[in-house]
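This report looks at where empty space is left in one protein model and at how some of its helices pack.

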Amino acid sequence: MSEFAFFALVTLIKCVIVVAFFATLAGLATYAERKVLAYFQRRIGPDMVGPFGLIQLVADMIKLFTKEDIIPYNSQKIIFAIAPLLSAICAFVSLAAIPMLPEFTLFGHIIQPLISDINVALLFVIGTSGLCFYAVFLGGLSSNNKWSILGAARGLVAIISYESVGALALIAIVMLVGSFSLVDINNYQNDGILSWLIFKQPLAFILFIIALFIETNRTPLCLTENDAEIVAGYGTEYSGLRWGMFFIGEYASMIAGAILISLLFLGGFNSFWIIPGWIMMILKSVFIFFWYFWARAAFPQLRPDQVMRMCYLILIPLAVLNLLITALAVLL
């Protein structure tokens, strides 16, 4: 087999594995969230369908596939139908440039555990994952429902604002490392735990975490849906599989965000003492993913004006200050 044919085959296999694996993980994440929230709130959670309620995932999938697909009469039908697909596609595409494990050798060939190793991977991931929200906006706008439009508009304002916070935090990382490559950022932290960027950029870490909660529509910073104000927001008119596609995209984005934080701030897939790098990567990503559930269970939903005030009066000034301090440190 020629080198190009082997490369094409490996790339195709990687794409299939990423889509299948992370779609399955997104389903498992819904089960994990329900169990974790039940534990926090002293409830039982799913426990009736299968051992420990694990087969509840299959029951939910069957329900989504067989539930009636309703399209509002006065909606923009083409956009209404495409928006959920766009949400899932953008989430999975963003995973293409994220290295998740150390490289390894297979049949004499070095295999990179990512689909595409590009030198501007950080820009690619942030750009494609940011497009996920436009699916939410288009879905709400095309529904011809005032609550859907209101939820989509609120979320659009928030995402535009908090993307500035996240971008300023990441610029500080790029200034220290001198590269947009996620592989280079990972390798920058391979000198032990003290080389992890969370210790060099703690403020950037906090700012990026907050921006990620906005990007992934997570409580307590979610503005696109709220039972007390706008019901289900952008998803009010969606049902069945289309509704499920939105949440597959949302949970895939959450998984990508957890992996990205592990790469950017927590040493990535570098080994730690006797623990192999791939195990470290899984442990750190699971820990970060748990934060989504923890925050949802522990904090109340903030009002839209509180979220926006925090962005413009607190977070953006802090991000600019952190950037100036980082620039001064690099120059000196």
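The text below takes the pockets, then the cavity, then three helix pairs of what is a predicted model.

## Pockets

Rolling a probe the size of a water molecule over the atoms shows where empty space is left. In this model the largest pocket holds about 1,200 Å³ of space, and 39 residues line it, with Thr30, Leu64, Trp243, Phe247 and Tyr251 lying nearest its centre. Two or more lining residues come from each of the elements α1 (3-40), α2 (56-66) and α9 (240-265). By class, the lining of the largest pocket is made up of 19 nonpolar, ten polar and ten charged residues.

The second largest pocket encloses about 950 Å³, and of the 37 residues that line it, Phe21, Phe22, Leu25, Met100 and Leu101 are the closest to its centre. The elements that give two or more residues to this second lining are α1, β1 (104-106), α9 and α10 (277-298), and the largest share, 14 residues, is that of α1. The lining of the second largest pocket divides into 34 nonpolar residues, two polar residues and one charged residue.

## The cavity

How many cavities of 30 Å³ or more does the structure hold? There is one, and the largest cavity has a volume of about 40 Å³. The residues that line the largest cavity are Phe133, Gly155, Ala158, Ile159, Ile214, Asn217, Leu221, Cys222, Leu223 and Thr224. Helix α5 (residues 146-177) contributes the most to this lining, with three residues. Seven of the residues lining the largest cavity are nonpolar and three are polar, while no charged residue takes part.

The volumes and linings can be set side by side.

| Space | Volume | Lining by class |
|---|---|---|
| Largest pocket | about 1,200 Å³ | 19 nonpolar, ten polar, ten charged |
| Second largest pocket | about 950 Å³ | 34 nonpolar, two polar, one charged |
| Largest cavity | about 40 Å³ | seven nonpolar, three polar, no charged |

## Helix packing

Two packed helices are described by the angle between their axes and the distance between the axes. Helix α5, which gives the most to the cavity lining, takes part in two of the pairs described here.

The axes of α5 and helix α8 (residues 202-215) come within 8 Å and cross at roughly 150 degrees, and the two helices are therefore roughly antiparallel to each other. The crossing in which α5 passes α8 is left-handed. On the α5 side the contact is formed by Ala158, Ile159, Tyr162, Glu163, Val165, Gly166, Ala169 and Leu170, which meet Ala204, Leu207, Phe208, Ile210, Ala211, Ile214 and Glu215 of α8. Twelve residues of this contact are nonpolar, one is polar and two are charged. Ala158, Ile159 and Ile214 belong to this contact and also to the lining of the largest cavity.

Helix α4 (residues 121-142) packs against α5 at an angle of about 170 degrees, with the axes 8 Å apart, which makes α4 roughly antiparallel to α5. Here Leu122, Ile126, Gly130, Phe133, Tyr134, Val136, Phe137, Gly140 and Leu141 in α4 meet Ser148, Ile149, Ala152, Ala153, Gly155, Leu156, Ile159, Glu163, Leu170 and Val174 in α5. The contact of α4 with α5 comprises 14 nonpolar residues, four polar residues and one charged residue.

Is the third pair, helix α3 (residues 77-94) and α9, roughly parallel or roughly antiparallel? The two pack at an angle of about 20 degrees, with their axes 8 Å apart, and that makes α3 roughly parallel to α9. The crossing of α3 past α9 is left-handed. In α3 the residues in contact include Phe80, Leu85 and Phe92, and those of α9 include Met245, Phe246 and Ile248. By class, the contact of α3 with α9 holds 13 nonpolar, four polar and two charged residues.

Methods:
Residues are numbered from 1 along each chain as its sequence is written. This is a predicted model: local features need pLDDT of at least 70, side-chain atom pairs count only at pLDDT 80 or more; totals for chains, interfaces and linings use all residues. Side-chain values use heavy atoms; hydrogens and water are left out. On a 1 Å grid over the protein atoms alone, a cavity is a set of points where a 1.4 Å probe fits but cannot get out, and a pocket is an open set with protein on both sides within 12 Å along at least five of seven lines; lining residues have an atom within 4 Å of a point. Grid points are joined across faces, edges and corners, and a volume is the space filled by probe spheres set on the points. Helices (H or I, at least four residues) and strands (E, at least two) are DSSP runs, numbered from the N terminus. Ala, Val, Leu, Ile, Met, Phe, Trp, Tyr, Cys and Pro count as nonpolar, Asp, Glu, Lys and Arg as charged, and the others, Gly among them, as polar. Axes are lines fitted to C-alpha atoms, for helices over the stretch in contact, and angles run from 0 to 180 degrees between N-to-C directions. Angles under 35 degrees count as roughly parallel, over 145 as roughly antiparallel, 65 to 115 as roughly perpendicular and the rest as oblique. A crossing is left-handed if the near helix is turned anticlockwise from the far one by less than a right angle, and right-handed if clockwise. Contact means heavy atoms within 4.5 Å.
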